[in-house]
Amino acid sequence: AIEMIAAAQALDIREGAPGDGVAAAHAVIRKYIDHLDEDRALFPDNDRMVELLQSGEILDAVEDAIGPLD
């Protein structure tokens, strides 16, 4: 979960456009977890990300964007 949060943060600050699948995953993550622009405790974000990963919403969004993953 924390790696997904870190990846979303990296996408926020890097230049360039991600691929369609990555963009879909990033959009779902940002729907629930705000960009880290000020220092804060991260355990609520981590707990939310665990729930999000278990829900399958990210996978559904990515597959909607690029097709089924095998």
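**Ile 29 and the nonpolar core**

Ile 29 lies in helix H2, helices being DSSP runs of H or I with at least four residues, numbered from the N terminus. The model is predicted, so that local features need pLDDT of at least 70 and side-chain atom pairs count only at pLDDT 80 or more, whereas totals for chains, interfaces and linings use all residues. Residues are numbered from 1 along each chain as its sequence is written, and side-chain values use heavy atoms, with hydrogens and water left out.

Ile 29 counts as buried because its relative accessibility is 3%, where buried means under 20% relative accessible area, with a 1.4 Å probe and protein chains only. Residues up to four places away in sequence aside, Ile 29 touches Met 4, Ala 8, Met 49, Leu 52 and Ile 58 (contact means heavy atoms within 4.5 Å). Of these partners, Ala 8 is 21 residues away in sequence and 7.2 Å away from C-alpha to C-alpha.

Ile 29 is also one of the 12 residues of the largest nonpolar core, which includes Ile 5, Ala 8, Met 49 and Ile 58; such a core is a set of buried Ala, Val, Leu, Ile, Met, Phe, Trp, Tyr and Cys residues joined through side-chain atoms within 4.5 Å. At least two residues of this core come from each of helices H1 (2-13), H2 (20-32), H3 (43-55) and H4 (57-66), and H2 gives the most, with 4 residues.

With neighbours within four places in sequence left aside, Ile 58 is in contact with Met 4, Ala 25, Val 28, Ile 29, Met 49, Leu 52 and Leu 53.

Terms used
Buried means under 20% relative accessible area, exposed over 50%, partly exposed in between (1.4 Å probe, protein chains only).
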